[in-house]
Amino acid sequence: MIVHPIDYRYGTDEMKRIWSEESRIKRMIWVEVVLLRVLSEMGYLSREEYEAVRKNARSISPERVREIEAEIRHDVMSLVKAVAEVAGSAGRWVHFGATSNDIIDTAVATQLRDSVKILESKLLRLIEVLADMAVRHRSTICLGRTHGQAALPITYGFRFAVWLSEVMRHLERLEGMKRRLLVGQMSGAVGTQASFGKEGLEIERRVMRYLNLTPAEISAQIIPRDVYCEYVEFLANLSTTLEKIALNVRLWQRSETQEVFERFDVSKQVGSSTMPHKRNPIDSEQICGLARVIRGFVEPQHQSAILWEERDLTNSSAERIILVEATVLADHILTKTIRLMRNLEIDAEKARENLERQLGINMSEALMIALTKRGVSRQEAHEMLRRCAMKAYEQRRPLKDVVLEDEQILKYLRPDEVEELLKPENYLGTALERIDAVVERARKLLESRR
């Protein structure tokens, strides 16, 4: 019986394969096999014995492991018994010197390693898409908004560049985190490697080298969970950016705005079961909803880092849920966001119409700055324009018409200057240069990764 929506609704196949139960068991078996390889190199068993185990281990089924676990009620020991069953004379060396979390944590590190590769590749794709959008809409002028109210003009390219810069920082965070996150251990019952003796550090180093991991600097029975906390915090931070992007798409798609739209297949897509006209931003809404779930894992993961002495088991059950769901869902909404941005439709004419509907009132700052440059104190200029803006609001008249009736303002500004100052294109500051700078950095980043 399928219960969880990840099984049938959310998540990409590539990420779900990494975190499937079958993958978890196979990775743990592989860690056991790699340990035997290193033990054979160190003279504990022969190369032939190791090769026989390596070959036969492929036949171990997750079903057999679960069958043993149902009897003995220990997940790692059931796996050890399953490997020993096919190990022949090498069976006595299976799991030699190791503790359960040497196998569990190291196997999880391989899952994280492969997950990070996917997240990196998709972050690069999102960076590429946002850079393209920033260039394409570099000069697509629109109404900026603060507090949900009309503000100064901006361009959609500038908005995409802001998001682009943020996503590049997430990639930087992920890069910096890898050396701390992708670590394994082969350290024994309390971390001292007592069962391996003086060879412990070399055994651990070799095992991690074969698994493309780094040995943990020091660990007790388990790898310290601050690294998992950092990882889940990263996913939460990334999901917050993705939700912010999706939220703004939803805002700009509202019927009152209609500047931006999710791609909608008008030939067959249905927006509502009762209102045939609807074009709902369903992908954006799903991104927002699942981002909240991902952020919800931050606190339980932090709680899972607080353990008795060398460890207890309170982290285990929680992490089986946290790491899987947080990773699969973060990858899911990252994939959705790439598609959302790639297919985004922008109505430049509607954006211009919404801008002009403000009757120039949102451009009052431009006049205030000009008056200040002509010798009026900034505070006095602010009051002069505030008075005109309120009058324009009340009378629903263009700000230009009200200003041109104000003799005090006309002492400092000519009518033609007022008209030029109230053109949105003339009040973008360094917006275009800043877009270009961010896009250039993104292009260099993408080129360095090819």
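**Reviewer's note on the predicted model**

1. In this predicted model, the count of aromatic pairs comes to eight when ring centres within 6.5 Å of each other are taken as paired. One of these pairs joins W93 and F96, whose rings lie 5.2 Å apart from centre to centre, with 75° between their planes, and the arrangement is therefore edge-to-face, since planes over 60 degrees apart are classed in that way. The two partners differ in exposure: W93 counts as buried because its relative accessibility is 12%, under the 20% limit, whereas F96, at 26% relative accessibility, counts as partly exposed.

2. A second pair is formed by Y156 and F160, and here the rings are tilted, with 40° between the planes and 6.4 Å from centre to centre. Both residues belong to helix α8, which covers residues 156-181, and they stand four residues apart, or about one turn of that helix. Y156 and F160 are both buried.

3. The pair of point 1 also belongs to a wider grouping, in that ring pairs link W93 and F96 with Y44 and F196 into a cluster.

4. Which charged residues sit over the ring of Y210? The charged end of R37 is placed over this ring at 3.7 Å from its centre, and the charged end of R209 is likewise placed over the ring of Y210, at 5.0 Å from the centre.

5. Y210 falls within the range of helix α9, residues 200-210, in which the buried residues are G200, I203, E204, R206, V207 and M208. These buried residues of α9 pack against two helices, α3 (21-41) and α7 (100-136), and against two strands, β3 (183-184) and β4 (214-215). Just after α9 comes N212, for which the model gives a positive phi of about 60°.

6. On the division of the chain, the protein is split into domain 1 (13-93), domain 2, which is made of two segments (100-266 + 276-354), and domain 3 (358-413). The centres of domain 2 and domain 3, taken over C-alpha atoms, are separated by 46 Å. Their contact involves six residues from domain 2 and four residues from domain 3. About 430 Å² of area is buried between domain 2 and domain 3, and carbon and sulfur atoms contribute 58% of this area. On the domain 2 side, the residues that lose the most area to domain 3 are A150, L152 and P153, which together account for 63% of what that side buries.

7. Two annotations from UniProt, both in an unreviewed entry, can be set beside the model. The record lists a "coiled-coil region" at residues 334-361; over this span the chain is 64% helix and 7% strand, and its end C-alpha atoms are 38 Å apart. The record also places the feature "domain: Adenylosuccinate lyase C-terminal" at residues 359-439, a span that in the model is 65% helix and 0% strand, with 33 Å between its end C-alpha atoms.

8. Is T337, in helix α13, buried or exposed? T337 is buried, with a relative accessible area of 1%. Apart from neighbours within four places in sequence, T337 is in contact with L126, L242, I245 and I287. The C-alpha atom of T337 is also separated by 8.1 Å from that of D283, although the two residues are 54 residues apart along the chain.

9. S304 lies in the loop between α12 (298-303) and α13 (314-342). Despite this loop position, S304 counts as buried because its relative accessibility is 4%, under the 20% limit. Once residues up to four places away in sequence are set aside, S304 touches R225, N315, A318, E319 and I322.

10. The last residue for attention is I369, which lies in helix α15, residues 364-373. I369 counts as partly exposed because its relative accessibility is 33%, a value between the 20% and 50% limits. Between the C-alpha atoms of I369 and A381 the separation is 7.8 Å, and the two residues stand twelve residues apart along the chain.

Technical notes:
Residues are numbered from 1 along each chain as its sequence is written. This is a predicted model: local features need pLDDT of at least 70, side-chain atom pairs count only at pLDDT 80 or more; totals for chains, interfaces and linings use all residues. Side-chain values use heavy atoms; hydrogens and water are left out. UniProt positions are given in the numbering used here, feature names are shortened, and annotations may be inferred rather than shown by experiment. Rings of Phe, Tyr and Trp (its six-membered ring) pair if their centres lie within 6.5 Å; planes under 30 degrees apart count as stacked, over 60 as edge-to-face and the rest as tilted. Buried means under 20% relative accessible area, exposed over 50%, partly exposed in between (1.4 Å probe, protein chains only). A charge sits over a ring if NZ of Lys or CZ of Arg is within 6 Å of the ring centre and within 35 degrees of the ring normal. Domain bounds come from an automatic or database domain assignment. Contact means heavy atoms within 4.5 Å. Buried area is the accessible area (1.4 Å probe) that two parts lose on being put together, summed over both.
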